[in-house]
Amino acid sequence: MRLRSLLFVPGDRPERMRKALNSGADALILDLEDSVALAGKAAARTEIAAFLKEAADGETLLFVRVNPLDGGLTDADLDAVVQAGPAGIMLPKAEGAASIKGLDERLRQRGDDRALILPIATETPKALFRLSEYADVPERLAGLTWGAEDLPAAVGALTARHADGSYTPPYEMARALTLFAASAAGVLPIETVYPAIRDLEGLAAYAQRGARDGFLGMMAVHPDQVPVINTAFTPSEEEVARAQAVVDAFAANPGAGVLTLDGKMIDRPHLIKAQALLARC
C-alpha cells in the first residue's frame, strides 16, 4: 500500500470529495470528526456512505475519520459507513492496543474484517505512554500518524511551535516516538499536517524533512499541498539508482558483510535501507 499523501475532506462537502479524487492524493480521509459540527454529523454520514459507493472502483484509497471511541458517536459513524466498504478507518485520540482492539471489535460486529485502521497516536497525554503497544496489534494497522493540535490543548500549552513554525521539544518528542513506534510495529509512519495552506515552500521543506527522517507519507489539508507532498515522498531517480546498485552489489557478493561501492563502505544496514526504498517504487 502506498500512502505518500492523505488528503482530508470534510464529510459534509460532497462536492469537495469528488474534486479531491482528481488531486493526485493516494488516499482521501473523509472526515466525520473535527471538520463537521455536531448538528451536521448525521447528514455527513449519509454523504460519505453515498460517496464511498460512488467512488468504490477508483484507484484512490478512501478512509473515514470517525469520532473518538469515548465520545458516544463512533457507533453511529460505523453503522453509516462500514457497509459502504471504506479501505480504512482513521481513529482519533487512539490510546494504544486497547483502542485498536476496541475498534476492531466494533468493525467485526458489523461484518467488517477488512478495513485497515490508521490511528492518530499522540492526541492525549496517556497516548504517548501507549505507543509501544501498537507492535502488539499490527495486523489491522495501515500505519501510525500523529498530531500536534489536541495534545498541547490537553496539557495546557500555549503553543506547540516556535515562531519559525518548528515544534517545541515536547512535540518533537511526540513526532519521534510515533516514527519509532511505527517502525517497531512494521507499519507506515505518516507525518502530520502542515497547516499553513498557502506556504508551499515551507511545506516542501517540512515534507522533505519528514522523508529524510524516515516518514513514508504525510497528511494534507488542501489539494494544492498534494503534489508537493507526493514529490517529497517519491524516491528520486538518483535515489532509486543508488539503492539498486547497493542491492546488486550484495547480490553479487552474497557472503559479504561489508562492501565498497563508489569508494564508500556499505554494510547490511545500507542493504536494508536500499531494499525498503525499492519496495516503495
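A crossover counts as right-handed if, with the strands pointing away from the viewer, the path from the first strand over the helix to the second runs clockwise. Helices (H or I, at least four residues) and strands (E, at least two) are DSSP runs numbered from the N terminus.

The model is predicted, so to speak, in silico: local features need pLDDT of at least 70, side-chain atom pairs count only at pLDDT 80 or more, and totals for chains, interfaces and linings use all residues. Residues are numbered from 1 along each chain as its sequence is written, and side-chain values use heavy atoms, leaving out hydrogens and water.

**Exercise 1. Follow the chain through strand E3.**

Task: Which strands pair with E3, and in what sense?

Solution. Two strands pair if DSSP finds at least two bridges between them.
- Start with E2 (residues 27–31): five bridges link E2 to E3 in the parallel sense, and alanine 27 stands opposite leucine 61.
- Go on to E4 (residues 88–91), which runs parallel to E3 and is joined to it by three bridges. Here valine 64 stands opposite isoleucine 89.
- Now trace the connections. From E3 the chain crosses through helix H3 (residues 74–81) to E4 in a right-handed β-α-β crossover. E2, helix H2 (residues 41–54) and E3 also make a right-handed β-α-β unit.
- Last, check the cover: of the five residues of E3 (residues 61–65), four are buried (under 20% relative accessible area with a 1.4 Å probe, protein chains only; exposed is over 50%, partly exposed in between).

**Exercise 2. Place threonine 60.**

Task: Is threonine 60 buried or exposed?

Solution.
- Find threonine 60 in the loop between H2 and E3.
- Its relative accessible area is 16%, so threonine 60 is buried.
- List its contacts (heavy atoms within 4.5 Å): leaving aside residues up to four places away in sequence, threonine 60 touches Leu21, Ala25, Asp26, Ala27 and Leu28.

**Exercise 3. Look into the largest pocket.**

Task: Which helix gives the largest share of the lining of the largest pocket?

Solution. A pocket is an open set of points on a 1 Å grid over the protein atoms alone, where a 1.4 Å probe fits, with protein on both sides within 12 Å along at least five of seven lines; lining residues have an atom within 4 Å of a point.
- Begin with the volume, about 870 Å³, taken as the space filled by probe spheres set on the points, which are joined across faces, edges and corners.
- Count the lining: 30 residues, with Ala211, Leu216, Lys273, Leu277 and Arg280 nearest the centre.
- Assign elements: H7 (169–185), H8 (200–213), H9 (225–232), H10 (237–252) and H11 (268–279) each give two or more residues. H11 supplies the largest share, seven residues.
- Sort by class: the lining has 17 nonpolar (Ala, Val, Leu, Ile, Met, Phe, Trp, Tyr, Cys and Pro), six charged (Asp, Glu, Lys and Arg) and seven polar residues (the others, Gly among them).

**Exercise 4. Enclose helix H9.**

Task: Which residues of H9 are buried?

Solution.
- Six of the eight residues of H9 are buried, so the helix is largely enclosed by the rest of the structure.
- They are Gln225, Val226, Val228, Ile229, Asn230 and Ala232.
- Their packing partners are E1, H8 and strand E8 (217–220).

**Exercise 5. Read the hairpin.**

Task: Which residue in the hairpin of E9 and E10 takes a positive phi?

Solution.
- E9 (residues 258–261) and E10 (residues 264–267) pair in the antiparallel sense over four bridges, with threonine 260 opposite methionine 265.
- Two residues lie between the strands, and aspartate 262 takes a positive phi near 55°.
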